[in-house]
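Trainee: Could you take me through a close look at one part of this protein? I'd like to start with its biggest open space.

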Amino acid sequence: MKLYNSMTRTKEEFVPLEAGKVKMYSCGPTVYNYFHIGNARPFIIFDTLRRYFEYRGYEVKFVQNFTDIDDKVIKKANEEGVTYDVIADRYIKEYFTDAQGLGIRPASVHPRATETMDAIIDIVQSLIDKGYAYAVDNGDVYFRTKKFSEYGKLSHQPLDELQAGARISVGEIKEDPMDFAVWKGAKPGEPSWETPWGAGRPGWHIECSAMVNKYLGKTIDIHSGGKDLIFPHHENEIAQSECANGCEFAHYWLHNGFLTIDNEKMSKSAGNFFMVRDAAKVYGYETIRMFMLSAQYRSPLNYSEESLMMAKASLERLYTAAENLQFLLGKLEGETMTAEEQAKIDAFGAHRQKFIDAMDDDLNTADALAAVFELVRDINTAVKDPSCTKAFIQACFDIMMELCGVLGLVDHLGEKSIDSEVEDLIAQRAAAKKAKNFAEADRIRDYLLNEKGIVLKDTRQGTQWSYKE
């Protein structure tokens, strides 16, 4: 498997630190609101990478944090007249609601900054002890950026260019404009934690370094997040971690491309800032996941009504194929495949291999989806044969669901329900057709469509139904 490493700007063969195991860290949300459609892309992409590693037999430990103490969390709490933890608890709960809808599995560990305070204080103290950080009179602690000679190696920006844009903000007491805060001194009305250098709370970057140390170790296989995090967040994580620990922080750095809205950058001022919760009400959560997987993760992706409707139609094709196979499984007999059917299943293995080849090529989900749809096309053709055995249909269903499962798609099969009145009407329609009473059959069909929103489809194996879109 090859992954594009942002550090080296090349595709590299993935070689884990420990055979058969993967240690992954991905930056999670700051929990002061619902997460937006741009956040959803890395959450879905790196969930899919984790799923694929597990599909290939790796044991994965995946850590994704919650930033539960931050200027935005405190501001929201002050606006509502509550404590910061009320806000954090609320939006962590809402994160899991949206994540579950999007098919994002819980991480192995979801640490909160406030629950990792001892580890954060330890790494800050280590940086101070080694001369890489210094405390100032107001209780802030800053990292000496220029003391780390490799600063800028992830963003590939020379130090002199970075320095040109550096500024000292009001209230900051820095030795150098390039230095950044690893700890913020206590301010009136804000939560704080006691430390050897004074009370305060962590800077944004330091929590991820501490969480990686605590839950994964000093060096990990993969660190991931959105492209917007490369600088300064991930650059600062590298500096802190490698200076504190004296070793490489992560072997592979993965970053997804930007998401635009109707070809414009998403922003509140432009009025194109969408929360996943709101988008899901219009298109459905799983449609959003399908959309996010429709492009290779490093490519820019444009969110529009047209692209979401295309994703919805593609998802419906997968569900229709899977539901058809389920329907046939309930109708057919034959526990042993014929030699001809076995040959077809063996041939379908070429689609599986194409899927694997695409995923091995830097998680190319676009080409992987193409392989799935080619498989579905061939399955749909094969099962038109009225002599198919149940064993063959089961094998077709299994390979389709195997590949869809890696992508986190078609997770809601069997969730449709149908009441006894509808079942009776479908049976009455079948009887009317058999008696050549086509007017009555049409009346029942139209009633189910217009009054119940149920579409009927006549096949060789019987009548199938689905809800109208």
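Trainee: How many nonpolar, polar and charged residues are there in the lining of the largest pocket?

Mentor: The lining of the largest pocket has 17 nonpolar, 14 polar and six charged residues. (Ala, Val, Leu, Ile, Met, Phe, Trp, Tyr, Cys and Pro are nonpolar, Asp, Glu, Lys and Arg charged, and the others, Gly among them, polar.) Keep in mind that this is a predicted model, where local features need pLDDT of at least 70 and side-chain atom pairs count only at pLDDT 80 or more, while totals for chains, interfaces and linings use all residues. Residues are numbered from 1 along each chain as its sequence is written, and side-chain values use heavy atoms, with hydrogens and water left out.

Back to our pocket (on a 1 Å grid over the protein atoms alone, an open set of points where a 1.4 Å probe fits, with protein on both sides within 12 Å along at least five of seven lines; lining residues have an atom within 4 Å of a point). It's lined by 37 residues, and H36, G38, N39, D228 and L229 are the ones nearest its centre. Two or more lining residues each come from α1 (37-55), α2 (71-80), α6 (204-215), β9 (220-226), α7 (230-245) and β11 (259-261). (Helices, H or I of at least four residues, and strands, E of at least two, are DSSP runs numbered from the N terminus.) The largest share, four residues, is α1's.

Now look at α7, because P232 lies in that helix... and here's a nice oddity: the peptide bond from F231 to P232 is cis, with omega near 5°.

Next, follow the chain to the loop between β11 and β12 (264-265), where you'll find N263. N263 isn't a glycine, yet its phi is positive, about 65°. N263 counts as exposed because its relative accessibility is 62% (exposed means over 50%, buried under 20%, partly exposed in between, with a 1.4 Å probe and protein chains only). K436, also not a glycine, has a positive phi too, near 60°. You'll spot K436 in the loop between α14 (420-434) and α15 (438-452), and at 65% relative accessibility K436 counts as exposed.

For a contrast, try N324 in helix α10 (residues 305-329). At 16% relative accessibility, N324 counts as buried. Skipping residues up to four places away in sequence, N324 touches V383 and Q464 (contact means heavy atoms within 4.5 Å).
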